[in-house]
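These are my notebook entries on what I looked up in the structure. Each entry records what I searched for and what I found.

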Amino acid sequence: MNSGIDGRVERMRGFMRDNNLDAFIIVSSDPHSSEYVADCWKSREWISGFDGSAGTAVITHDRALLWTDSRYWLAAEKALEGTSYQLMKDGAAATPSITAWICANLAQGSRVGVDGCVCSIAETKAWNNELSSAGIMLEAVPDPFAVIWEDRPSLPAGKVDIMPLECCGERSSEKLFRLREVMVSSGADGMLVTMLDEVAWLTNLRGCDVDYNPVFVAYMLVTPDKATLFVNEAKLSSQVREYLENEGIYTAEYEDVWQSLEKYDGE
């Protein structure tokens with residue numbers, strides 16, 4: 001057996017016992033719904049050893065399973081060899097969906113955990129609807145890998161650059177003006193921009209935090225009279241800071257976004 005991977009699975013089971021969970025679903029995404037994620041969010045790869053871009057792991061107290069589609073079946077079989085994982089060939093006629101498998105293998109009253117920051121609302125709603133019909137509860141919990149992944153990579157710290165206006169076609173302040181027009185017409189008091197490519201487009205900034213993608217890790221909160229970029233401020237040069245100020249964009253530390261949302265009153 002692969003003691004390294006199975007040891008990581010056991011750490012997850014310890015987290016599950018501490019939090020009264022009967023299963024945990026680990027997706028391949030990050031808090032920004034990215035397809036390609038920075039190393040610190042490759043949690044599904046870390047706990048399974050499978051490094052394909054698509055796949056979902058499910059851990060129970062006595063089973064470990066990995067769902068992935070036909071593009072990765074051969075690679076996944078090789079990656080999981082020697083571990084306690086069972087490959088679930090997603091899309092094959094004999095393979096149940098994740099929720100169908102959980103409903104068939106967990107008892108009524110069981111609790112299934114997910115990291116609510118890396119699962120989309122649509123995804124969690126669909127899972128919850130199916131699981132609740134079998135009397136199983138879906139629980140959003142804080143990131144378990146902050147506890148069990150001892151040598152987890154840090155958030156990427158690449159520098160942020162300004163794109164020339166001739167490449168962008170429009171100033172960031174003009175894009176913010178148009179966004180606010182849409183917000184008013186839709187009755188929204190604010191918008192949290194979470195996807196990294198959208199943050200990059202809206203600010204006319206680029207970065208190198210994700211391989212092969214010119215983006216940087218950040219959130220942006222836009223209200224009728226303020227725009228705040230939540231980013232590791234050490235990534236910003238004095239030139240970038242001056243640029244953001246001229247475009248009417250404030251900055252705050254990346255981790256402060258949640259506290260700001262808790263305090264946000266729509267004004």
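**Entry: helix α8 and its sheet**

I began with helix α8, residues 172–186, in this predicted model. Helix α8 lies across four strands, namely β8, β10, β11 (226–231) and β12. I noted its direction against β10, which is at about 60°.

I then looked up the sheet beneath these contacts. The sheet is open, has 4 strands in the order β8-β10-β11-β12, and shows mixed pairing. Which strands stand at the edges? I found β8 (191–193) and β12 (249–252) there; each has a single partner strand, so one side of each is left without a neighbour in the sheet. On average, neighbouring strands of this sheet are turned by 20° against each other, direction ignored.

For β8 I checked the pairing in detail. It is joined by 3 bridges to β10 (residues 218–223), and the two strands run antiparallel. Within this pair, Leu-192 stands opposite Leu-221 of β10.

**Entry: strand β1**

I turned next to β1. Are its faces covered or open? Both faces are covered: Ala-23 and Ile-25 are buried on one side, and Phe-24 and Ile-26 are buried on the other. I recall that in a regular strand the side chains alternate between the two faces of the sheet.

I recorded two partners for β1. With β2 it shares 4 bridges, and the strands run antiparallel; here Ile-26 has Ala-57 as its bridge partner. With β5 it shares 2 bridges, and the strands run parallel; here Phe-24 stands opposite Gly-113.

**Entry: Thr-56**

I looked up Thr-56, which is placed in strand β2 (residues 56–60). Its relative accessibility is 14%, so I count Thr-56 as buried, the cut-off being under 20%. I set aside its neighbours within four places in sequence and listed its contacts. They are Ile-25, Ile-26, Val-27, Arg-44, Leu-65, Leu-66, Trp-67 and Ile-98. Two of the residues in this list, Ile-25 and Ile-26, I had already entered as buried residues of β1.

**Entry: helix α5**

I compared the length of α5 (residues 121–132) with expectation. Its 12 residues should span 16 Å at 1.5 Å a residue, and the end C-alpha atoms are 16 Å apart, which agrees.

Which residues of α5 are buried? I found Thr-124, Trp-127 and Leu-131. These residues cover an arc of only 65° around the axis, and therefore lie on the same side of α5. On the other side, Ile-121, Ala-122, Lys-125 and Asn-129 are exposed. I then asked what the buried residues of α5 pack against. Their packing partners are β1 (23–26), α4 (98–105), β5 (111–115) and β6 (137–141). Strand β1 thus recurs in these notes: the buried residues of α5 pack against it, and it is joined to β5 by 2 bridges.

**Entry: Ala-38**

I located Ala-38 in the loop between β1 and α2 (43–48). Is Ala-38 buried or exposed? At 4% relative accessibility, I count Ala-38 as buried. Apart from neighbours within four places in sequence, Ala-38 is in contact with Pro-156, Asp-209 and Val-210. I also took the separation of the C-alpha atoms of Ala-38 and Glu-150, which is 17 Å; these residues are 112 residues apart along the chain.

**Entry: cysteines**

A disulfide is a covalent bond between the sulfur atoms of two cysteines. I searched the whole structure and found 0 disulfides.

I checked two cysteines individually. For Cys-117, the closest cysteine sulfur is in Cys-119, at 9.5 Å, which is too far for a bond. Cys-117 is partly exposed, with a relative accessible area of 40%. For Cys-167, the closest cysteine sulfur is in Cys-168, at 6.4 Å, again too far for a bond. Cys-167 is exposed, with a relative accessible area of 53%.

**Entry: the protein as a whole**

Finally, I noted the overall values. The protein has 11 helices and 12 strands. Its C-alpha trace spans about 55 × 35 × 35 Å along the principal axes. Of the 267 residues, 45% are buried. Among contacts with a separation of 6 or more, 62% are between residues 24 or more positions apart.

Methods
Residues are numbered from 1 along each chain as its sequence is written. This is a predicted model: local features need pLDDT of at least 70, side-chain atom pairs count only at pLDDT 80 or more; totals for chains, interfaces and linings use all residues. Side-chain values use heavy atoms; hydrogens and water are left out. Two strands pair if DSSP finds at least two bridges between them. Axes are lines fitted to C-alpha atoms, for helices over the stretch in contact, and angles run from 0 to 180 degrees between N-to-C directions. Contact means heavy atoms within 4.5 Å. A disulfide is a pair of cysteine sulfur atoms within 2.5 Å. Buried means under 20% relative accessible area, exposed over 50%, partly exposed in between (1.4 Å probe, protein chains only). The expected span of a helix is 1.5 Å times one less than its number of residues. The arc is that of the directions from the helix axis to the C-beta atoms.
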